Amino acid sequence: MCKNLTAFLQQYAQKHQFRGHMPGHKGKSFSPELETAYTFDITEIHGADSLFEANGILQQAERKTAEVYGVGGTCWSAGGSTLCIQAMLARMKAEHRIIIAPRTVHRAFLNSCILLDLPVKWIYPESGGFLDGKYTLTAFEQALQEVNFPACVYLTSPDYSGNVQNIQEISALCRKYQAKLLVDNAHGAHRAFLPENQHPIILGADYCCDSAHKTLPALTGGAFLHMRNSSEKIFFKQNMQLFGSTSPSYLIMQSLEECTEWLMHSGKKAISECAQRAERLKQKFSGKYIFLGNDPMHFTIQANGENLAEQMRNLAVPIECEYADKSRFVILLSPVMTEKDFSQLEKALFACEPLPAETPPECPSPMEQSLSLREAGLAEFEILPLSEAENRICAAVQVPCPPAVPIAVSGEKLSPECLAVMEFYGVQTVAVVKESI
Ligand SMILES: Cc1ncc(COP(=O)(O)O)c(C=O)c1O
């Protein structure tokens with residue numbers, strides 16, 4: 001057996017000139033830019049192992065990732081955190097757990113609930129908008145008391161703006177009520193490598209998903225599903241193959257291996273440096289910009305983000321952000337960014353003039369659920385302008401991505417307050433369940 005996946009792919013590319021297997025490009029690309037990628041893009045051939053039944057180099061590689069993160073077990077995903085979320089929720093379905101979640105969930109969570117026919121008990125924020133609501137521990141405790149079943153809490157942390165929840169406190173609460181804690185850590189794959197380990201599993205979560213591709217050097221689609229207890233890995237493998245493609249990309253998997261190696265050797269230092277550089281910039285510009293969030297890879301500014309994004313696009317060296325709306329502007333940093341990148345950002349912050357943020361409307365609460373998530377999510381629908389959608393039932397969730405955080409979820413009645421929030425975020429049309437004539 002080769003020492004790792006990268007070595008296997010290199011050896012295979014050198015030795016095998018005739019490929020009698022998929023993919024159909026046979027390692028040959030029409031464009032020189034893609035040639036190297038095509039050479040290493042293979043399928044489950046002899047010696048390459050198979051992700052969902054891994055017992056060779058992929059199993060070894062996953063074990064290494066788990067070790068680097070200091071968790072019980074890890075499954076690789078070439079289908080992003082989306083696939084990990086599907087697998088985590090399928091596990092909750094098998095355990096008949098009621099799901100409790102704050103409203104900051106990503107569309108991937110809702111789609112999984114639709115597919116698995118899982119109801120959700122929502123927690124509404126004490127204050128703030130649907131993107132950055134403030135949730136109290138009391139609200140979590142109340143929800144846990146209200147459900148009479150085995151439960152689980154599903155947290156999104158960090159959220160899109162870089163707000164991190166108090167996972168330690170919430171996990172202690174979950175233990176008190178024998179509930180499991182699942183964390184959507186899609187935006188926090190780097191958090192295990194901060195000077196003090198802040199990874200959800202270390203802080204008490206049972207399972208979490210990390211999109212390696214969001215804040216670490218990995219190809220789009222590369223993610224990790226981490227668990228506290230390695231004996232559960234068998235269930236997650238089964239659940240992932242239920243939803244994932246039977247041909248997970250070897251290129252993505254190779255990038256997860258390289259990312260793991262990088263984390264092992266240089267990650268901690270690079271992540272600390274990046275966090276320090278970001279903090280220095282925030283200090284330097286604290287008189288000019290208002291910074292939000294407490295995760296170091298999220299460089300979030302409270303301002304008219306749409307205007308700031310346009311200013312940044314028009315600089316001599318343009319900067320494209322991750323997300324902007326009328327109340328915020330988000331740049332997603334990464335530990336591979338160099339001193340030069342940061343000086344670029346510094347120049348941009350110096351050159352731009354932020355306009356004040358518009359205040360986003362409060363998160364509408366509580367919403368009236370007229371149909372189940374599944375009934376509405378899979379129903380016949382029509383697209384209506386907001387002006388004609390009042391009191392209609394939200395069908396499949398259609399939200400702009402990013403941030404893909406739904407304002408109304410499938411099955412909920414679209415109240416005037418909810419439509420006002422949609423209008424604020426520039427949503428023009430909404431999918432509603434078709435009424436029978
Ligand atoms: C909070 C959150 N969770 C989950 C996802 C889905 O992650 P992925 O794109 O890795 O499937 C995203 C994607 O942007 C996200 O922002």
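**View 1. How the chain splits into domains.** The domain assignment cuts this predicted model into three pieces: domain 1 covers 5-264, domain 2 takes in 269-351, and domain 3 spans 373-433. Measure from C-alpha centre to C-alpha centre, and domain 2 sits 31 Å from domain 3. Where domain 2 and domain 3 touch, domain 2 brings six residues to the contact and domain 3 brings five.

**View 2. Zooming in on where domain 2 meets domain 3.** About 440 Å² gets buried between domain 2 and domain 3, with carbon and sulfur atoms making up 65% of that area. On the domain 2 side, the residues touching domain 3 break down into four charged, one polar and one nonpolar. How many salt bridges are counted between domain 2 and domain 3? The tally there is zero. Polar contacts between domain 2 and domain 3 come to one residue pair, with both residues at pLDDT 80 or more.

**View 3. The residues around the ligand.** There are 13 residues around the ligand. The ones that come nearest are Ser81, Thr82, Asp184, Ser211 and His213.

**View 4. Polar side-chain atoms facing the ligand.** Start with Asp184: an N or O atom in the Asp184 side chain is 2.6 Å from a ligand nitrogen. Two histidines pair up with ligand oxygen instead. For His213, the gap between a polar side-chain atom and an oxygen atom of the ligand is 2.8 Å; for His106, a polar side-chain atom is 3.5 Å from an oxygen atom of the ligand. As for cover, the ligand on its own has 390 Å² of accessible area, and the protein covers 88% of it.

Technical notes:
Residues numbered from 1 in each chain as written. Predicted model: local features only at pLDDT ≥ 70, side-chain atom pairs only at ≥ 80, totals over all residues. Heavy atoms only, no water. Domains from an automatic or database assignment. Contact = heavy atoms within 4.5 Å. Buried area = accessible area lost by both parts, 1.4 Å probe. Salt bridge = Lys/Arg side-chain N within 4 Å of Asp/Glu carboxyl O. Polar contact = N/O pair within 3.5 Å; in protein donor to acceptor, adjacent residues only side chain to side chain. Nonpolar A, V, L, I, M, F, W, Y, C, P; charged D, E, K, R; others polar. Near = heavy atom within 4 Å. Areas by Shrake-Rupley, 256 points an atom, 1.4 Å probe, with all protein chains shown as cover.
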